[in-house]
Amino acid sequence: MSTAIIDARGISKVYPLPAGDFTALSDVDLRVEAGEFLAVVGRSGSGKTTLLNLLAGIDRATAGTVTIDGTELGTLSESRLARARGTSIGLVFQFFQLLPTLTVLENVMLPIDFAGGSTSAQRRTRALELLGRVDIAEQADKLPSTLSGGQQQRAAIARALANDPPVLLADEPTGNLDSATADSVLALFASLADSGKAVVMVTHDRDASGFASRILTMADGRVSTDMAVLA
Amino acid sequence: MTESIRTRRSHRMRPRTVKIVRDLRLSSGRVLVMAIAIAVAVSGFGAILIAREALMRDSTLAYRDTNPAAATLDVPGGVDASLLEQIRTLPGVADATARQTVSTRVLVDGSWLPMRLFIVPSTDSLRIAHFDVESGEWPATSGGLFLERAATGLLDADTGDSLTLERIDGSRATVAVDGRVWDAALPPANQERTGYGFATPALVERLGYASLNDRLLITVEDASGAPSRDQARVDEVAGSVAAWLTADGHAVHEVTAPPYRHPHQNQTETVTDLLVAFALAALALAAVLVASTLGGMLAAQSRQIGIMKTVGASTGDIVRLYATMTVAVAAVATALAAVPAWFVGIGLARLVGSILNIDIISAPPGATTIALIIGSGILITLAVALSPIVRAARVTVAEALGDLEVRADSGRRIVRALSRLGGGDRSAVLATRNLLRRPRRFMATVTLLAAGGALFLAGINTSEAWTTWVDDGLSKRTYDAQLAFAQPVAVSELAAALAESDAVTDWESLVTLPASPASADGGVQVQRIYPDGGHGVFSVTAIDPDTRLVHFDVRDGHWLRAGEPGSVVLNQAAATRLGDPDLGTAVVVSVEGRTESWTLVGVIDEVAGSATAYVSTGALDDLLGGPEMATAVRVVMPDATPQAIEQLGQRLAAADLPLQSTVPTTELRTAIDQHVTVFIMVLVALALLMATIGALGLASAMTVSVIERTREFGIMKAIGARSSVVGRLVLTEGLITGVVGFLLAGALSVPATGLVSSTLGRLAFGLPLPLVISGGAVVVWLVIALLSAALASSGAAARSARLTVRESISYQ
């Protein structure tokens with residue numbers, strides 16, 4: 001049996017609200033292995049973004065454990081969690097979330113800088129290589145605001161890959177893109193999974209899941225179906 | 001916006017450094033506000049520190065360079081060369097010399113001013129009480145004099161001119177000014193309203209006085225033979241010299257050993273300390289402003305902080321990032337402040353140096369001062385900024401990437417009350433609600449504005465309190481001039497002379513004699529009188545208990561009463577000198593070589609008076625050889641011009657009542673004002689600095705508030721709000737903040753004024769200044785608060801109005 005890069009066991013998330021506790025996620029188990037491209041689908045409020053936030057260490061589970069690449073996130077302090085994200089998890093958001101005052105190249109260099117241990121030249125070489133890999137090397141010295149949505153999302157993906165993390169998590173990465181651009185981004189995710197990354201993508205777009213190797217459907221904070229997609 | 005950022009290739013820099021640089025450039029307005037606030041405050045603080053250091057250093061050096069006498073003994077029989085030689089061999093005496101001091105008058109523009117002449121034998125080597133000759137050849141020619149340099153302005157005379165001095169018989173002598181000297185141990189003549197000159201015994205004889213070296217000046221050494229300025233050792237040696245002289249048959253009337261510091265130094269030191277405290281307050285305000293502005297900037301960067309955390313930045317990384325940014329701004333601002341701090345500081349030091357009659361050498365500030373300036377500019381700013389930085393850095397990714405939520409209960413009651421009052425206009429309600437959305441920031445802005453305003457008002461109030469205090473103090477004296485006689489005169493002769501003059505409508509005679517606090521066993525205590533004869537002086541004045549010409553406020557007990565012989569009333573300076581004795585205790589003083597004891601019945605507040613013990617008329621009769629004698633007269637003159645007072649003096653001299661000094665009451669005011677005007681000016685300047693920082697704080701807060709809500713304003717416009725509506729909303733928010741800040745400043749200014757006024761008054765003259773609230777200052781502060789609120793918010797509103805809906809909504 002191969003080792004799961006992502007191993008979530010019995011995770012729940014409960015939000016205390018004035019009207020009473022709200023359970024966003026209830027007793028979910030999930031294992032994702034290297035090379036898998038998992039699409040998490042479901043209606044709005046089904047708990048898929050909550051699941052992604054728990055996997056990314058953005059939020060902490062009320063119950064259960066999340067282990068990424070052998071490290072249990074629940075035991076880490078906020079700062080060590082940030083370090084773990086920097087080296088083990090690449091995150092891609094719907095609205096790209098690039099830093100507006102840094103160029104595309106500098107945005108990609110930033111995670112390498114925070115991870116430490118590299119020279120200026122190494123950072124630059126690595127970032128240019130990644131930008132080339134996502135086909136926007138010529139945009140390297142531009143500010144994010146001057147790029148199209150698709151180019152910004154590619155830059156965000158390059159940034160997510162900056163420290164060569166084994167896990168890539170994406171939250172509605174095509175939600176702000178036209179269909180042609182969305183398809184090219186999804187194809188990029190698929191190729192990354194093929195290269196050995198564990199890719200988890202939250203989407204409400206059923207078509208987007210067509211690029212995935214596995215589809216997990218959520219409803220009311222629970223996993224309703226989990227099935228592999230036959231090639 | 002982001003389009004405007006120039007991305008020069010900066011590949012060698014770390015991305016986080018690039019971010020700092022670009023963020024600073026993008027927020028140039030707010031960064032400028034922060035930098036200006038720090039630079040202004042550090043300039044003020046640095047200037048005060050530099051001035052203080054230069055003053056303390058140069059005044060100490062200059063004073064010590066004169067090698068002032070450690071103690072001076074009044075030996076009425078004189079000290080000849082042979083006696084002097086014996087004194088030099090006494091244990092503890094390091095060196096000794098004998099001189100004479102003559103007090104006469106000098107005619108300036110038709111008015112007589114006191115003139116103190118220091119008579120130095122031409123053989124004196126000037127080892128003790130040294131002075132520098134600035135022009136002319138010392139010793140003076142036969143009958144000429146050298147003026148102390150600070151007296152040249154007061155007397156309008158310099159080397160080569162001549163002066164009219166009064167002889168002992170009241171006649172005039174024209175005396176050549178042979179040169180100019182600098183005696184750093186003397187206070188400036190213009191402040192004391194007294195001329196100081198140096199001459200040889202030849203001038204004494206020309207003026208008709210007996211030439212007699214009756215002032216014995218000694219310096220002291222410790223048991224090992226090293227020079228000593230220890231006050232206890234000086235007192236001990238001076239006492240033993242006095243005892244030796246007395247045992248050897250030489251009477252000693254007075255022993256004085258002033259502190260080993262310039263007569264104005266203590267006052268200067270304590271007042272500059274007060275200014276340092278004010279400057280520190282300005283610095284603290286600037287630091288709070290920086291923290292508040294930075295807090296706003298960081299709030300706007302919350303999403304970016306979240307993004308950085310998602311790509312691996314720890315809380316420590318974020319703290320270091322923004323701390324570096326803060327240090328960069330503070331360092332630049334501190335560097336910018338260095339030049340003005342230096343020039344203002346040295347300028348201030350020179351100004352105050354002129355009060356001390358001290359030359360300020362423009363030496364670079366010492367390591368401590370430089371460290372304090374840099375530390376204040378950078379470290380204090382960083383220390384205060386760390387709180388918002390850490391708070392912002394601790395934000396979780398989930399919080400940072402989520403939307404800012406409004407607490408539903410923020411100021412609900414206030415908003416509801418405003419809704420009831422507001423009628424149809426919702427601007428005030430909306431503005432209040434917006435302000436209360438971030439109660440912490442609103443409180444910080446209001447506090448900054450209120451603190452700046454309170455200190456501004458306190459500064460102006462104190463300067464007005466000073467004027468009021470002097471006005472009130474001088475109004476207790478309803479006479480126009482006090483004339484002191486060269487010798488005690490019979491009151492009957494005085495009355496006869498005044499009866500012939502229609503220039504005087506009322507008068508009272510009094511007896512004023514120099515005295516020394518004494519111990520109960522009659523032993524003469526060592527006095528602390530400086531060579532100028534004014535600072536540290538103590539006197540006893542016999543006055544009519546039912547006086548019509550002075551009405552001092554009684555602080556404790558009661559004023560003198562007729563039929564209560566043996567009573568004494570002390571003014572505050574005398575009470576302090578005697579250790580604040582309790583009412584009913586005995587006050588023992590030595591007057592004219594006799595020990596007198598009176599019972600203390602009251603303590604009064606006296607503005608413009610040296611340490612004085614007041615006794616009833618007749619209490620000093622025995623000392624003057626009989627009743628109905630006077631040493632001075634206070635006169636009321638409907639036409640109290642200098643000319644009229646001079647004519648009165650001539651009339652009295654013609655009646656064989658020659659004067660030693662004439663002091664118009666207006667001269668008292670000039671003397672008091674000269675002592676503190678520069679400090680009051682600096683206080684007002686610091687007050688304006690506070691106001692500037694407070695206004696900058698408001699401007700910064702309004703700008704941050706508008707920038708933060710750019711997206712919100714875009715949405716408002718998208719659903720139909722006109723730019724003018726948004727502008728009015730922002731303006732209303734600014735005005736509400738301004739009004740609240742103004743009201744709080746008014747409330748806080750009362751205790752602040754009390755504290756500053758009380759401290760300044762006690763430091764300067766031993767009396768607290770009255771609590772004065774300046775109506776003018778309140779109006780000025782209201783205008784400043786509202787104007788800066790209107791300007792700051794209209795500027796921010798204009799910026800908001802310029803943005804299109806698309807730009808506003810896409811703002812991040």
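**Exercise 1. Two helices of chain B**

α2(B) passes α8(B) in a left-handed crossing. This is a predicted model. Task: decide how α2(B) and α8(B) are oriented to each other, roughly parallel or roughly antiparallel.

Solution.
- Step 1. Locate the helices: α2 spans residues 28-65 of chain B, and α8 spans residues 265-300 of chain B.
- Step 2. Take the axes. They come within 9 Å and cross at roughly 165 degrees.
- Step 3. Apply the cut-off: angles over 145 degrees count as roughly antiparallel.
- Step 4. Conclude: α2(B) and α8(B) are therefore roughly antiparallel to each other.

**Exercise 2. The nonpolar cores**

Task: find which residues have the most contacts inside the largest nonpolar core.

Solution.
- Step 1. Size the core: it has 269 residues.
- Step 2. Pick out the residues with the most contacts inside it. They are Ala282(B) and Ala286(B).
- Step 3. List the contacts of Ala286(B), leaving aside neighbours within four places in sequence. They are Ala37(B), Ile38(B), Val40(B), Ala41(B) and Ile693(B).
- Step 4. Turn to the second core. It is separate and has 49 residues, including Val504(B), Trp598(B), Met629(B) and Leu659(B).

**Exercise 3. A loop residue**

Task: state whether Val311(B) is buried or exposed, and which residues it contacts beyond its neighbours within four places in sequence.

Solution.
- Step 1. Place the residue. Val311(B) sits in the loop between α9 (302-310) and α10 (315-356) of chain B.
- Step 2. Count its surroundings: 26 other C-beta atoms lie within 10 Å.
- Step 3. Compare with the cut-off. A residue is buried at 20 or more, so Val311(B) is buried.
- Step 4. Read off the contacts, with neighbours within four places left out: Gly86(A), Leu110(A), Pro111(A), Phe114(A) and Arg159(A).
- Step 5. Check a distance within chain B. Leu275(B) is 36 residues from Val311(B) along the chain, and their C-alpha atoms are separated by 50 Å.

**Exercise 4. One face of a helix**

Task: explain why the buried residues of α21(B) line one face of the helix.

Solution.
- Step 1. Name the buried residues in α21 (residues 710-718) of chain B: Thr710(B), Phe713(B), Gly714(B) and Lys717(B).
- Step 2. Look down the axis of α21(B). Its buried residues fall within an arc of 105 degrees, so they line one face.
- Step 3. Move just past α21(B). Gly720(B) takes a positive phi of about 115 degrees.

**Exercise 5. Chain B overall**

Task: how many helices and strands are there in chain B, and what share of its residues is buried?

Solution.
- Step 1. Count elements: 24 helices and 21 strands.
- Step 2. Take the burial. Of the 812 residues in chain B, 49% are buried.
- Step 3. Add the extent: the C-alpha atoms fill a box of roughly 100 × 60 × 50 Å along the principal axes.

How values were computed: Residues are numbered from 1 along each chain as its sequence is written. Chains are lettered from A and ligands numbered from 1 in the order in which they are written. This is a predicted model: local features need pLDDT of at least 70, side-chain atom pairs count only at pLDDT 80 or more; totals for chains, interfaces and linings use all residues. Helices (H or I, at least four residues) and strands (E, at least two) are DSSP runs, numbered from the N terminus. A residue is buried if 20 or more other C-beta atoms lie within 10 Å of its own, exposed if 12 or fewer, and partly exposed in between; C-beta atoms are placed from the backbone. Two residues are in contact if their C-beta atoms, placed from the backbone, lie within 7 Å. A nonpolar core is a set of buried Ala, Val, Leu, Ile, Met, Phe, Trp, Tyr and Cys residues joined through C-beta atoms within 7 Å. The arc is that of the directions from the helix axis to the C-beta atoms. Axes are lines fitted to C-alpha atoms, for helices over the stretch in contact, and angles run from 0 to 180 degrees between N-to-C directions. Angles under 35 degrees count as roughly parallel, over 145 as roughly antiparallel, 65 to 115 as roughly perpendicular and the rest as oblique. A crossing is left-handed if the near helix is turned anticlockwise from the far one by less than a right angle, and right-handed if clockwise.
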